[in-house]
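This briefing is intended to be read alongside the sequence and the coordinates. Its topics are the overall make-up, the disulfides, one sheet, one helix and the nonpolar core.

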Amino acid sequence: MTSGAAEAKGPGASEAEVDTSGMRSGSDLVSMIRYTSTTTGGKGKGNVTPVGNWTPPACWYEPRSAEEFSKYVENMYDETVNAPGQHSYAKSAVGMFRNEYKDGKYKNYNLDKKDEGNWWVAVRDEDRWTEPEAQLCDKQPFWVENGATPPVENAVTPQVLAELAYNRIQLPTTEVTLAPEATTKVNLPTWAWLDKARFKEVSVTAALNVGGLNIQATTTAKPVSLKLEPGTPDAETYPASGECTINDDGSIGEPYAKGKANQTPPCGIRYLRSSGDGTFKLQATVTWDITWTGTGNPNPTQLPNGTFGNAQNVTVQEIQSVNR
């Protein structure tokens, strides 16, 4: 018997508490971590993608009180042995699991010393349960005395909470404003910019208050740059790297205004050939600097940068000349 799967839904849109506080769902343990998030502007949102090979934990260990753990095991046992048509192997397995904690290695779920420690159980991110990383937390529930360090990797800590919050950051859709809009001309500089009202910092707080453990962490993402990829090698970007850095006021790039036609945009593209009867897929990706603070860690601590972006269609036409 394993200790089940953690339910890990995405955060709400505006300081909305995510309901992941249930003790169990059927026979599965459910994470007791609660998440709250700040709002992001606009309608479209998506998850941040870490830069590099790092990913947040797919499984971890959380404490449970003796009462909570005993209730879980007894309910699981009753549901399994009383389920119509349940295979005898499943009944045998759940019986052995129950005996381990009730009448075997431990006695009556350690209820007689419930104030001296907690059970620690493995949970996993429900959205990632098929990943190999989600199967790494395979240790059976174990007892930890108060003040002792759980002898496992990924025992929940403020940093683990921060990393789990990272995975629930919702970022605004990266659709840049262009001038000319949608349709531009060959060799004509196209200005690109992002509204500072939408691209402000976003944060998610993860908190756990169970089994005598009361900790929290807030993970914050701040936009730092915009990467433009024209969708064709026959194009130039401004600047040449395609990386437009954030301005002091929080915006990225500069809106086009009358009288700037002969200027080079601080952020933009110049297409060198027509898109013909189709369009080019302009990929706009924002890089976010991500840090966390939390219990015992008041100063922002770096986590891997994250990115989020999307493609938009751009039509490029030849400039038509008229002979008189």
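The points below are grouped by topic, after a short summary. The model is predicted. The protein chain contains three helices and 20 strands, and 46% of its 324 residues count as buried. Two disulfides are counted, and the largest nonpolar core has 71 residues.

**Overall make-up**

- Of the contacts in the protein chain between residues at least 6 apart in sequence, 73% join residues at least 24 apart.
- The protein chain has an accessible surface of about 16,200 Å². Carbon and sulfur atoms account for 47% of that surface.

**Disulfides**

- When the bonded cysteines of the protein chain are numbered in sequence order, they pair as 1-2, 3-4.
- One disulfide is formed by C59 and C137, with 2.1 Å between the sulfur atoms. This pair links distant parts of the chain, 78 residues apart: C59 belongs to strand β6 (residues 59-64), while C137 lies in the loop between β7 (117-124) and β8 (142-145).
- The link of C59 and C137 is right-handed, with 80° about the S-S bond. C59 and C137 are both buried.
- The other disulfide joins C244 to C267, with an S to S distance of 2.1 Å. Here too distant parts of the chain are linked, 23 residues apart: C244 is in strand β16 (residues 243-245), and C267 is in the loop between β17 (252-253) and β18 (268-271).
- Because the torsion about the S-S bond of C244 and C267 is about 90°, this disulfide is right-handed. Both of its cysteines, C244 and C267, are buried.

**The sheet of β6, β7 and β8**

- Strands β6, β7 and β8 form an open sheet in the order β6-β7-β8, with antiparallel pairing. Its edge strands are β6 and β8, each of which pairs on one side only. From one strand to the next, the twist averages 40°.
- In general, the strands of a sheet pair through backbone hydrogen bonds, in a parallel or an antiparallel manner.
- The antiparallel pairing of β6 with β7 runs over six bridges. E62 has V121 in β7 as its bridge partner.
- Between β7 and β8 the antiparallel pairing runs over four bridges. W120 stands opposite F142 in β8.
- Is edge strand β6 enclosed or open? Six of the six residues of β6 are buried, so this strand is largely enclosed by the rest of the structure.
- Both faces of β6 are covered. On one side C59, Y61 and P63 are buried, and on the other W60, E62 and R64 are buried. C59 is also the cysteine of β6 that forms the disulfide with C137.

**Helix α3**

- Helix α3 spans residues 158-166 and is mostly covered, with eight of its nine residues buried.
- The buried residues of α3 are P158, V160, L161, A162, E163, L164, A165 and Y166.

**The nonpolar core**

- Within the largest nonpolar core, L226 and L228 are the residues with the most contacts. Strand β19 (residues 280-294) supplies the largest share of this core, seven residues.
- In soluble globular proteins, nonpolar side chains tend to be buried together.
- Neighbours within four places in sequence aside, L228 contacts V176, A192, T237, G242, C244, C267, G268, I269, L282, Q283 and A284. Its contacts therefore include both cysteines of a disulfide, C244 and C267.
- L282 is located in strand β19. Residues under 20% relative accessible area count as buried, so L282, at 1% relative accessibility, is buried.
- Which residues does L282 touch, not counting those up to four places away in sequence? They are V176, L178, L228, E229, P230, I269, Y271, N310, A311, Q312 and V314.
- V176 and I269 appear among the contacts of L228 and also among those of L282.
- The C-alpha atoms of L282 and G231 are separated by 5.1 Å, although these residues are 51 residues apart along the chain.

Methods:
Residues numbered from 1 in each chain as written. Predicted model: local features only at pLDDT ≥ 70, side-chain atom pairs only at ≥ 80, totals over all residues. Heavy atoms only, no water. Disulfide = S-S within 2.5 Å. Helix = DSSP H or I, 4+ residues; strand = E, 2+ residues; numbered from the N terminus. Buried < 20%, exposed > 50% of the residue type's maximum accessible area, 1.4 Å probe, protein only. Contact = heavy atoms within 4.5 Å. Areas by Shrake-Rupley, 256 points an atom, 1.4 Å probe, with all protein chains shown as cover. Pairing = 2+ DSSP bridges. Axes fitted to C-alpha atoms, helices over the stretch in contact; angles between N-to-C directions. Core = buried A, V, L, I, M, F, W, Y, C linked by side-chain atoms within 4.5 Å.
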